[in-house]
Amino acid sequence: MGIQLTTEQVLTMAPDTSSASAGKKLGNAQHWKNTGQSPAALWGECQGSALYQVRIDLSSLVLQCSCPSRKQPCKHGLGLLLLATTSPSDVPETDPPDWIVSWVAKRAAASQRKETVKPTSAPPSAAQVKTAEKRMAQVTQGIERLDLWLNDLIRNGLGSVETRPAKFWEEQAKQMVDAQAPGIASSIRRIATIPNASPDWPERLLGQLGQLTLLSQAFHHLNQLAAPLQDDVRQLIGWTLKEDEVTQRGEHVSDNWLFLGQSVENGERTLTQRTWLFGETTHRCAQVLQFALPGASFETSYPLGIWQRADLVFWPGSYPQRAMIENRHDKALPITDSLPGATTIDEFFASVAAAKAKQPWQERFLCILRSVIPIYTNNTWCIRDQHGQALPLSYGTHWEFLTYSGGWPVDFAGQWDGEVVLPLCVLAEGNYHKL
């Protein structure tokens, strides 16, 4: 059947604009020899400063190239994907060479080992128990100090923080790091950006402090909470789960997953990429998180605007959204039908309210709306549904979105943070467009 992606979908995998541009130049048969594809893989040799061998797993689009580039995917991999997309006759179906046969076999063996090796559930050792108890004591002391700090803030009035220096917030954040509660430290650093940032900053600050207070009180009553909510509280404070523990304890969900869009955020010392997926049958939202140092590429690249049968495992929690992809089946195919989302903004808000009732600290939601129109009014970009209700879009210009719409209703997906929607994609006349 060959590669079913479009050029635009291939380019969404590029780690940066320079890689995309270089990949386009290599998407020409003159740069390649010994190209071919099988049901399992796509391959070719690219002549550059040396002869580079490129291998692509067609089920996962995982790429391996013999070039020294640290970018993922590299320009050679992008070039081969573009060649297969735009000129399929230049990448014929044929028997794979030995270097592809051995690579596919190694990947299959590794996948089989991963499936057969079950996570152990052996009881923790005495040393592990002692370490866990020590951390719990440190976190408890740290949150008790946090309670005093929050009480002082409210007693003195929010106006008192208007002229506070950055050091005021950073000192408290460092105390939370010392108390082994890095999640709370990150929350305090985000809160520090609110004062004087907007006309309604006191209201926003009070809301975030209220969320932090709620987390503190939930921790003090941790043993009284349901097990999934205990997982949420621990993860928000800073406890992390290893992947094998997620595999053992998390919910496994198989579906046809729509890869709708990505957002990238600059953290304290890392970049965070969220890839948003939506289950065609289960209607489950999932976000796959990846982290990278500034200037580095994310480990895995996901094409957008495609759907694929896959098995996901969700992190334990009362309203799990974070997930990892365990297995992908068959080839990725482009999204051409309408998006299975809400028909009105009220319907979307009802789903958000239901989620917040289960997990009140949830900050981001996948917003899928059908038949909406982008509008620009009163110096603000919005999306308007069929009933005339509107949601504000994130700061910036969105003329590209309006161009795809042409003033007519389109299906839309974005990331809602409680205040604005960050556009991720639009489906217009059966064509996916990244925003």
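Let's start with a charge resting on a ring: Arg-284 lies over the face of Phe-314, at 4.3 Å from the ring centre. A charge is taken to sit over a ring if NZ of Lys or CZ of Arg is within 6 Å of the ring centre and within 35 degrees of the ring normal. Arg-322 is placed over the face of Trp-315, with 4.0 Å to the ring centre. Before you go on, keep in mind that this is a predicted model, in which local features need pLDDT of at least 70 and side-chain atom pairs count only at pLDDT 80 or more, while totals for chains, interfaces and linings use all residues. Residues are numbered from 1 along each chain as its sequence is written, and side-chain values use heavy atoms, with hydrogens and water left out.

Next, have a look at a hairpin. Strands β6 and β7 form it, with 5 residues between them, and His-283 in the turn has a positive phi of about 60°. Helices (H or I, at least four residues) and strands (E, at least two) are DSSP runs, numbered from the N terminus. Strand β6 (residues 271-279) is joined to β7 by 8 bridges, and the two run antiparallel; two strands count as paired if DSSP finds at least two bridges between them. One position to find on screen is Leu-277, whose bridge partner in β7 is Ala-286. Strand β7 (residues 285-292) is mostly covered, as 7 of its 8 residues are buried. Here buried means under 20% relative accessible area, exposed means over 50%, and partly exposed is in between (1.4 Å probe, protein chains only).

Now turn to an open sheet of 4 strands, which has the order β1-β2-β3-β4 and antiparallel pairing. Its edge strands are β1 (32-37) and β4 (63-65), each of which pairs on one side only. On average, neighbouring strands of this sheet are turned by 10° against each other, direction ignored. Between β3 (residues 51-57) and β4 there are 3 bridges, and Arg-55 stands opposite Gln-64 in β4. Helix α3 (residues 75-86) lies across β1, β2 (41-47), β3 and β4, running at about 65° to β3. For that angle, axes are lines fitted to C-alpha atoms, for helices over the stretch in contact (heavy atoms within 4.5 Å), and angles run from 0 to 180 degrees between N-to-C directions.

Strand β3 also takes us to the salt bridges, of which the structure holds 13. Each is a side-chain nitrogen of Lys or Arg within 4 Å of a carboxyl oxygen of Asp or Glu. Arg-107 forms one with Asp-57, and their closest N and O atoms are 3.0 Å apart. This pair links distant parts of the chain, with Arg-107 in helix α4 (residues 98-116) and Asp-57 in strand β3, 50 residues apart. Arg-107 is partly exposed at 30% relative accessible area, whereas Asp-57 is buried at 12%.

Helix α6 holds a salt bridge between Glu-171 and Lys-167, which lie 4 residues apart, about one turn of the helix; the closest N and O atoms are 3.8 Å apart. Glu-171 is partly exposed, with 41% relative accessible area, and Lys-167 counts as exposed at 57%.

Follow the chain past this helix and you reach Ala-179, in the loop between α6 (166-178) and α7 (182-191). Ala-179 counts as buried because its relative accessibility is 3%. Leaving aside residues up to four places away in sequence, Ala-179 touches Gln-138, Val-139, Gly-142 and Arg-145.

From helix α7, Arg-190 forms a salt bridge with Glu-363, the closest N and O atoms being 3.6 Å apart. Glu-363 sits in the loop between α11 (345-358) and β10 (365-377), 173 residues apart from Arg-190. Salt bridges that share partners join Arg-190, Glu-265, Arg-274, Glu-363 and Arg-364 into one network.

Finally, come back to the rings, where a search of the whole structure finds 12 aromatic pairs. Rings of Phe, Tyr and Trp (its six-membered ring) pair if their centres lie within 6.5 Å; planes under 30 degrees apart count as stacked, over 60 as edge-to-face and the rest as tilted. The planes of Tyr-376 and Trp-381 are at 45°, so this pair is tilted, with centres 5.0 Å apart. Trp-381 and Trp-399 form an edge-to-face pair, at 4.8 Å centre to centre and 90° between the planes. Trp-381 belongs to strand β11 (residues 380-384) and Trp-399 to helix α12 (residues 399-405).
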